[in-house]
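Open the model in your viewer and keep the selection panel at hand. We will go from one stop to the next.

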Amino acid sequence: MDKLLIEGGRPLEGSVRISGAKNAALPAMAAALLTCERVELDNIPRVRDIITMGRLLAYMTATVETPELPPTAMIIQAKTVNGAEAPYELVRTMRASILTLGPLVARNGSARVSLPGGCSIGARPVDLHLKALEQMGAEIGTSHGYVEARVPGGGRLPGGNVHFDKITVTGTENILMAAVLAKGETKIENAAREPEITDLAELLIKMGAEIEGAGTSTIRVQGKEKLHGARHTIIADRIEAGTFLVAGAITNGSLEIIGCVPEHLASVIAKLRETGVEIRETAPDTLVVRGAKKLGAADVITEEYPGFATDMQAQFMALVTQAQGTSVITERIFENRFLHASEMMRMGANISIEGRRAVVHGPTTLSGSGVIASDLRASASLVLAALVAQGETLIDRVYHIDRGYERIEEKLSSVGARIRRVS
Ligand code: UD1
């Protein structure tokens, strides 16, 4: 099993280019199931979750081509999806597989997708996805660990009024994809407003869908009988960009982050500035981060977009271990997302967990040690902690980081980090 070996204490300097957003690419790939024509995507990050989604689509009879040039392109064509289902072997490794449910039931009139199962950052059920599909007129059953959704009497989903009790990102995406081929109108209320939703809506509109309000909490969709092929470039990964902003800040370095969308990072930028980190927008797609001589403490509460992203919480925790004073981090989105804290404590951090709050007393000198990555963003936070730690840190289970960060060790070494992959 691969591990990352990192020698800390070097300020990062230079430029890094941000990849396409995994969380926008995954629903875009699933959206290709909505048409028999070719969907050409660009700026697809080469990360494990994308490979898994590609396998899942291929299993469902879609052809998935990844041309050599440009290396970020992907062409998907799902000529037929009759009888398609998403088996447990593929779904268990990636919760986002549930994103195939909406498109399949919309195109086919029925779908069978394995339940994603547990996850280290909390229970993460799919009840909201299922309730919403019912509100659109689907009949839902579960048996032998599979969700079965079908349109009573066959044919297209009627569509309807969907109200999410709680904001859900992939839930909103699933329903959006189901709604574009429904017979009537669908109104989605309390929808997620993440940039990944807007990006998906843009692709669907290029495919012929009629959607209004994506990016707001009410989305209206007029269903169409058919969608067609389209070309689309995926937005930049705001979480990867945010992770590199913290990398520059925590090592007291100077990093240029190219190919990002600063607007998508507004809450992260504001929080980093609160700690004294300097961030400048030097071009519409470029940010320059410079560390602070003395980092100050700052409290953070994770929220749905445009609030501070839960996917940046672990990285921010790594940063404030280096800040003067006490920082309180409140996790509002997931109930068990502090697994990285115990690993940081092994490195010398002073953190206490009280339910959904983590209290971090800084600054502490971190020292390199053996740590275990527990999930995707937790592993990124351990890389960040290791970059500032004294001595060597060995991070185990880096397959988590490979799920969502493209060539992380290559990108970090190119700006001066001492990092290498060992098996
Ligand atoms: C997506 C992102 C993930 C990010 C998360 C929150 C993708 C592929 N993943 O995950 O990186 O951390 O948004 O920004 O885009 N919930 C339910 N029932 C449901 C669905 C969700 O109770 O049916 C709960 C979850 O347990 C969680 C909260 O709602 O507590 C938000 O989850 P959700 O927005 O659905 O996260 P994902 O879409 O899975």
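How far apart do the C-alpha centres of domain 1 and domain 2 lie? Keep in mind that this is a predicted model. To find out, set up the two selections.

**Stop 1: the two domains**

Select residues 3–19 together with 236–422 and colour them as domain 1. Then select 22–233 and give domain 2 another colour. Domain 1 is written as two stretches of the chain, 3–19 and 236–422. Now for the distance: the C-alpha centres of the two domains are 31 Å apart.

**Stop 2: where the domains meet**

Next, show the residues in contact across the boundary. Domain 1 brings 24 residues, and domain 2 brings 20. Together the two domains bury about 1800 Å² between them. Carbon and sulfur atoms give 50% of that area.

Which residues of domain 1 lose the most area to domain 2? Select Tyr305, Arg403 and Glu406. These three together make up 30% of what the domain 1 side buries.

**Stop 3: charges and polar pairs**

Stay at the interface of domain 1 and domain 2. Two salt bridges cross it. Polar contacts between the domains come to six residue pairs, with both partners at pLDDT 80 or more. Look at the make-up of the domain 1 side that touches domain 2: eleven residues are charged, eight are nonpolar and five are polar.

Now select glutamate 196 and arginine 238. They form a salt bridge. The closest N and O atoms of this pair are 2.9 Å apart.

**Stop 4: the ligand**

Move to the ligand and display its surroundings. There are 19 residues around it. Which of them come nearest? Pick out Asp127, Thr168, Thr170, Asp311 and Ile333.

Then look at the oxygen atoms of the ligand, using three selections:

- Proline 125: a backbone N or O atom is 3.1 Å from a ligand oxygen.
- Lysine 166: here a polar side-chain atom lies 3.3 Å from an oxygen of the ligand.
- Valine 169: a polar backbone atom is 2.8 Å from a ligand oxygen.

Finish with the surface of the ligand. Taken alone, the ligand exposes 740 Å². The protein buries 89% of that.

Notes: Residues numbered from 1 in each chain as written. Predicted model: local features only at pLDDT ≥ 70, side-chain atom pairs only at ≥ 80, totals over all residues. Heavy atoms only, no water. Domains from an automatic or database assignment. Contact = heavy atoms within 4.5 Å. Buried area = accessible area lost by both parts, 1.4 Å probe. Salt bridge = Lys/Arg side-chain N within 4 Å of Asp/Glu carboxyl O. Polar contact = N/O pair within 3.5 Å; in protein donor to acceptor, adjacent residues only side chain to side chain. Nonpolar A, V, L, I, M, F, W, Y, C, P; charged D, E, K, R; others polar. Near = heavy atom within 4 Å. Areas by Shrake-Rupley, 256 points an atom, 1.4 Å probe, with all protein chains shown as cover.
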